[in-house]
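Colleague: I should like to go through this structure with you in order. May I put my questions one after another?

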Amino acid sequence: MPVVRLSQAFVPTLKEAPADAQVASHKLLVRAGFIRQLGAGIYDYLPLAKRTLTKIEAIVREEMDAIGGQEFFLPALHPAEIWKESGRWEVMGDNMFRLKDRKGGDYCLGMTHEEIFTAVARDELRSYRQLPQVWYQIQTKFRDEPRPKSGLLRVRQFTMKDAYSFDVDRAGLDKSYEDQRRAYERIFTRCGLDFVAVQAHSGAMGGSESSEFMVRTDAGEDLVAACPKCRYAANTETASSRLPAEQDGAGLAKPEKFATPGVVTIESLAAPPYGVAAKRQLKTLVYVGDEKLYVAVVRGDQELNEAKLQTATGAQVLRPAHAEEIPPLMGARAGSLGAVGFSKVHVFVDPSLADRKDMVTGANEDGFHLRGVDVRRDVLTGPHAKLAELRTVRAGEGCPRCDGTLDVFKALEIGHIFKLGTKYSESMKATVLDADGKAVPIVMGSYGIGVERIMAAAIELHHDENGIRWPLSIAPFQATVLTLGPEPELKQAADEIVKALSDAGLEVLHDDREERAGVKFKDADLVGIPLRIAVGKKGLAEGKVEWKLRGDKTVELVPVGEVARRAVERVRAGS
RNA sequence: CGGGGAGUGGCUCAGCCUGGUAGAGCACUUGGUUCGGGACCAAGGGGUCGCAGGUUCAAAUCCUGUCUCCCCGACCA
């Protein structure tokens, strides 16, 4: 293996982290000389980062190839037409980078490649005999994130391994999906990540089922609900929970209007003189999904989860209604809304409310509420009103699968796999002939991994106050040798050890700079290479050098002649 | 998009309120002394103070506009 000499290498370490870095991985990647920022959510990957990313990609490739994946490399620049075929030219909205060519034609930078791979499949696949196919690439993706943040965790240009499976039927898809799921587990495990696979929301991808691979860290932006007792784990965008039963009174024969001047919040109705507990109130919200209005009802103390409402409505794009859109529909302004007797648009009601009686809600008349509302009798009055999971689960609520209690924690999404079904093959007319000679749409799956996120997640999980502690598998180098002084005998001994390690097949970073020992130790800790060999006068006098693993506190003296053998053993053993 | 903050040498920041010579630490260059956990001394190099207007005898500093970056929220495979 070639050796990299730090005196010649470009590894610009910093004593101080940039002021705008918040999370550990961002600070350390910058300080340790891995990345520099070019713009909001756009980063330069310097040589150390490139080495680690290449290693991650190699692991991904091996595991993709092991399940029969075939690597492609498709364009990042796409004509608009192909995105218009699937309908996602509109769906992606401002999140898509768009541009025009010199002739005025519309183009975009790829956010993902379902359309492009599906086009290849449509144009070339003819028979079920050619299936299944598993195709993948490692490609740059572009997403105009509204708010890039946290270093490499949320960016506008990043590398994704995206894979697509093409099967003739659902059973084939189930197997392809399972293959990917297992490959993902191997990939993340090999990269040194603790992760959980969770049930997820499919969002703009569409499809029937999806799982996210999550790393538990406060640097993440997703919330996962998990049961410590059984295996249940789900993104809060889809998680459900058991709520304790509420005791309702008999209520009234029909809802009764009462005056509540100026009361437009759950809190003020809960306060004297009204004293209606938030749990006894119905919160009525108006949303706009794909230009259509929807009403959603959750309990007063609960929070609507927009991803769940999106699932319920089937809308591609969902947003809260603007204040001025509400009165023409409801007859009252936000704060006095209710769904009693309301059937102008679809009404979605959280299932936990189905059997509740004696509830209080807005009267759809400014300044009035209704009491004695029986949800089934007064709200679920026809086909316009449907039960749908809407509320955001909270820590401490019951597990939906067992009698355990849910834990809710922040997590970072590093991979997401989807059963797409025929969404793209139908819209883009990708069919094959089945065994009966009938044209059937190809059944697809889509599988993504964020390469930089693996790197950043590894740091979030493995670092200390001195720097990064790379898992061996993705460290930029496996070993670093420090020459602790200018003496010729030290240089000579270090050179020999470096050569021995390198000849033994290790990737070695040799700190041969004319720096003081302290500087070298600090930088070595910062950069985080797993094995550190320090060649100093004291040890060398006895024919020994210092052996230290980045994760350990102890330093061991090892005879010069044994270093290479031990290092090889260590690397073979992993970590 | 709403709210907040910040743009001054490569990095971290002071100076701005109260206009008048552009500063510190780190980094860099040279020389010397050091040499096992981010050394010390000395001498240097390096800044259109984000950009554009305006006010003024005079603008890093005051005013207007604009761009960029960061944070919170909204939003988001």
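Colleague: How far does a polar side-chain atom of Arg-31 lie from a base oxygen of RNA strand B?
Modeller: The model is a predicted one. A pair of N or O atoms counts as a polar contact within 3.5 Å. The pair formed by Arg-31 and a base oxygen of RNA strand B has a separation of 2.9 Å.

Colleague: Which residue has a side-chain N or O atom 2.9 Å from a base nitrogen of RNA strand B?
Modeller: Two further side chains come into view here. Lys-15 places an N or O atom of its side chain 3.0 Å from a sugar or linking oxygen of RNA strand B, and that is not a base nitrogen. The base nitrogen has its 2.9 Å partner in the side chain of Thr-112.

Colleague: Which element gives the most residues to the surface near RNA strand B?
Modeller: The elements that give two or more residues are β2 (35-39), β17 (318-320), α14 (517-527) and α15 (537-541). The one that gives the most, with eight residues, is α14.

Colleague: How many residues of the surface near RNA strand B are charged?
Modeller: There are 43 residues around RNA strand B, and those that come nearest are Arg-143, Arg-147, Arg-154, Asp-525 and Glu-546. Arg, Asp and Glu are among the residues that count as charged. The surface divides into 18 nonpolar residues and eight polar ones, while the number of charged residues is 17.

Colleague: Of the atoms of RNA strand B within 4 Å of the protein, what percentage belongs to sugar or phosphate?
Modeller: The atoms within 4 Å of the protein divide into those of sugar or phosphate and those of bases. The share of sugar or phosphate is 48%.

Colleague: How far apart are the C-alpha centres of domain 2 and domain 3?
Modeller: The domain assignment of chain A gives domain 1 two segments, 46-239 and 408-459. Domain 2 covers 256-387, and domain 3 covers 477-573. Between the C-alpha centres of domain 2 and domain 3 the distance is 67 Å.

Colleague: Is Gln-478 buried or exposed?
Modeller: Gln-478 is placed in the loop between β27 (467-468) and β28 (479-483). Its contacts include Lys-55, Leu-472, Gly-505, Ile-529 and Val-571. A residue is buried under 20% relative accessible area. Because its relative accessibility is 14%, Gln-478 counts as buried.

Colleague: How many bridges join β9 to β25?
Modeller: Strand β25 (residues 443-450) is mostly covered, with eight of its eight residues buried. Val-443, Gly-445, Tyr-447 and Ile-449 point one way, and Met-444, Ser-446, Gly-448 and Gly-450 point the other way. Strand β22 (residues 407-421) pairs with β25 in the antiparallel sense over six bridges. Strand β9 (residues 157-167) also pairs with β25 in the antiparallel sense, and here the number of bridges is eight.

Colleague: Which residue of β25 is the bridge partner of Phe-166?
Modeller: On the side of β22, Gly-415 has Ile-449 in β25 as its bridge partner. For Phe-166, the bridge partner in β25 is Met-444.

Colleague: What is the relative accessibility of Thr-118?
Modeller: Thr-118 is found in helix α5 (residues 114-124). Thr-118 touches both Phe-166 and Met-444, and its other contacts include Tyr-424 and Met-428. Thr-118 counts as buried because its relative accessibility is 0%.

Colleague: Which residue offers a side-chain oxygen to the backbone nitrogen of Ala-307?
Modeller: Helix α8 (residues 306-313) has as its buried residues Ala-307, Lys-308, Leu-309, Gln-310 and Thr-313. What covers them includes β15 (282-289), β16 (292-299), β17 and β18 (347-349). After the helix comes Gly-314, with a positive phi near 75°. At the start of α8, the side-chain oxygen within 3.0 Å of the backbone nitrogen of Ala-307 belongs to Asn-305.

Colleague: How far apart in space are Ala-233 and Val-440, C-alpha to C-alpha?
Modeller: Ala-233 is found in strand β13 (residues 233-235), and at 14% relative accessibility Ala-233 counts as buried. Among the residues it touches are Ala-197, Val-198 and Gln-199. Ala-233 and Val-440 are 207 residues apart in sequence, and their distance in space is 35 Å.

Colleague: What percentage of the residues in chain A is buried?
Modeller: Chain A contains 16 helices and 32 strands. Its C-alpha atoms fill a box of roughly 95 × 65 × 50 Å along the principal axes. Of the 575 residues in chain A, the buried share is 51%.

Notes
Residues numbered from 1 in each chain as written. Chains lettered and ligands numbered in written order. Predicted model: local features only at pLDDT ≥ 70, side-chain atom pairs only at ≥ 80, totals over all residues. Heavy atoms only, no water. Domains from an automatic or database assignment. Near = heavy atom within 4 Å. Polar contact = N/O pair within 3.5 Å; in protein donor to acceptor, adjacent residues only side chain to side chain. Helix = DSSP H or I, 4+ residues; strand = E, 2+ residues; numbered from the N terminus. Buried < 20%, exposed > 50% of the residue type's maximum accessible area, 1.4 Å probe, protein only. Contact = heavy atoms within 4.5 Å. Pairing = 2+ DSSP bridges. Lists of a residue's contacts leave out its neighbours within four places in sequence.
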